[in-house]
Amino acid sequence: MPRATEATAAAAAPRTASPAERVDALRRFAAAVRRGRGLHVASCAVLLAVAMTAGAVAVGGDGQDAARALPGVSRAVNADVLVRGDLDTAIRSLQEHVRRQPRDSGAWATLGLAQVERARTDGDPSRYDQAERALARSLALRPGNDQALAGQAALAAARHHFAAALDHADRALERNPYSERALCSRIDALVELGRYAEAAEAATLADRRRPGVPVFTRYAYVHELRGDVRTARRVLHQALASAAGPADVAYVATALGNLERGRGRYGTALRHYARALAADDTYLPALEGRARAQAADGDRAGAIVTLEQVVARSPLPGPLVALGELYEDRDAPGDRAKAREQYALVDAWTALARAGGVDVDLDTALAAADHGDTAEALRAARAEWGRRRTVHTADALAWALHRAGRSAEALPYARRATATGYRDATFLYHRGLIEKAAGRDRAARASLTAALELNPGFSPLGARAARAALKDLEAAR
């Protein structure tokens, strides 16, 4: 195929499925799996991936899928315009650019990053294969270029391949020590591998080399993981003051909302989410955070409406489980069926994610432990613990063991989940119920009380169970 024709085919945009079409595809897939029509789940997931992109994929002669553009550093495209401007406009600009300049390695790297970002925001991990091919094209055009290596780091992190993400980030930084994308991906990888001291060093280095909102927010999170909430809050406020555009304001204000919600400061959290949505009323993390804060603050009806908006646009496991639990908590006619549907959609999404090369064992373990197969939850939690040992994987393994009736074995992992100083009410709740089941009543009372004091509305079902467990423990004294 001549180069110009090849580039045109590769850059031609497939029709992107609407949010309603994507969710409908997930629902049909989930229903098919439940009915057991004899199709292997992996095969179904391939068909689902086609449905999620409306069945239209334009592929060039070298296998390069059409891609959407994330803010990048193509030589011929202004990066600031892509970062601060309308993403859809930026996508069209980049697609037109690669039609005219098919050998622009920077543009291909940017397109690869676009697919990563789009998969994260619209809940469609089938885009990761497209990202991989676009980044490979960039490296074929210009071997070893730091933009594509940084893109590979971001892709690996999105797929939860954190050791690979660290390797790609290090290689990118060898070529460009000031690559913001690589510096941030390196922090992310170290955090998700549980190497918190190294992550703190990486955040300090990134702050020295490329201070800015992406680094500031990661710097804050590393401090939060180590129990230093005061520093995390201060850094996030500084980041918000320096935010240069709506996207940055929405991102940082949402991070502040999440921090305050986790401390039980729901009014403050809601104000931060409101600021985020005033900057970008389509920003899904802010909508999800607002829904969770509404639920915690007693506005269950408002939370359900908001979460229904979120999952209609991006059916990811976190909001799906949260919505299902709100339906269970409300328990109106038909709510049990609605809750089951949300949990089935989680199963459908994880099948699609696996087909896209994502390690989803942590998502599987957390959802299945409470709303699915406890044996599968334990298998997934053990697999994830074998790959990375973070506070989150320790909590997931502890909870899966407890739900499988192995609370004594779970206790060391529950303790490890709370050992860094990171304060999370769900972790404390899990630890408290594990301690209660293991016969450690005094410790259980302390953990459950701490969970409810920290964040009394951390979960509609969990908070209720925590209060019931405390009542039982007091009655047994």
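In this predicted model, Tyr-429 is buried, with a relative accessibility of 9%. Tyr-429 belongs to helix α24, which spans residues 425–437. Its ring is paired with that of Phe-458: the two centres are 5.4 Å apart, and because the planes meet at 45°, the pair is classed as tilted. This pair joins distant parts of the chain, as Phe-458 lies in the loop between α25 (441–454) and α26, 29 residues from Tyr-429. Phe-458 is likewise assigned as buried, its relative accessible area being 15%, under the 20% limit applied to this class. Ring pairs further connect Tyr-429 and Phe-458 with Trp-399, giving a cluster of these three residues.

Four aromatic pairs are present in the structure. One of them is formed by Tyr-422 and Phe-427, whose ring centres are separated by 5.7 Å; the angle of 75° between their planes exceeds the 60 degrees required, so the arrangement is edge-to-face. Both partners are buried, Tyr-422 with a relative accessible area of 9% and Phe-427 with one of 5%.

Helix α26 comprises residues 460–475 and includes Leu-473. The relative accessibility of Leu-473 is 3%, and the residue is therefore counted as buried. Beyond its neighbours within four places in sequence, Leu-473 is in contact with Lys-436, Asp-441, Ala-444, Arg-445 and Leu-448. Of these contacts, Lys-436 falls within the residue range of helix α24 (425–437), whereas Asp-441, Ala-444, Arg-445 and Leu-448 fall within that of α25 (441–454). For Leu-473 and Asp-441, which are 32 residues apart along the chain, the C-alpha atoms are separated by 6.8 Å.

Charged side chains were also examined. Asp-146 is located in helix α8, composed of residues 146–158. This aspartate is buried but has no salt bridge. The nearest side chain of opposite charge is that of Arg-142, at 5.3 Å, a separation beyond the 4 Å limit for a salt bridge. The side chain of Asp-146 does, however, make a polar contact of 3.3 Å with the side chain of Asn-176. Asn-176 is also among the residues in contact with Asp-146 when neighbours within four places in sequence are set aside, the others being Ala-172, Arg-175 and Ser-179. Elsewhere, a charge is placed over an aromatic ring: the charged end of Arg-209 sits over Tyr-178, at 5.9 Å from the centre of the ring.

Terms used:
Residues are numbered from 1 along each chain as its sequence is written. This is a predicted model: local features need pLDDT of at least 70, side-chain atom pairs count only at pLDDT 80 or more; totals for chains, interfaces and linings use all residues. Side-chain values use heavy atoms; hydrogens and water are left out. Helices (H or I, at least four residues) and strands (E, at least two) are DSSP runs, numbered from the N terminus. Buried means under 20% relative accessible area, exposed over 50%, partly exposed in between (1.4 Å probe, protein chains only). Contact means heavy atoms within 4.5 Å. Rings of Phe, Tyr and Trp (its six-membered ring) pair if their centres lie within 6.5 Å; planes under 30 degrees apart count as stacked, over 60 as edge-to-face and the rest as tilted. A charge sits over a ring if NZ of Lys or CZ of Arg is within 6 Å of the ring centre and within 35 degrees of the ring normal. Lys and Arg count as positive and Asp and Glu as negative; His and the chain ends are not counted. A polar contact is a pair of N or O atoms within 3.5 Å; within protein, one must be able to donate a hydrogen and the other to accept it, and residues adjacent in sequence count only if both atoms are side-chain atoms.
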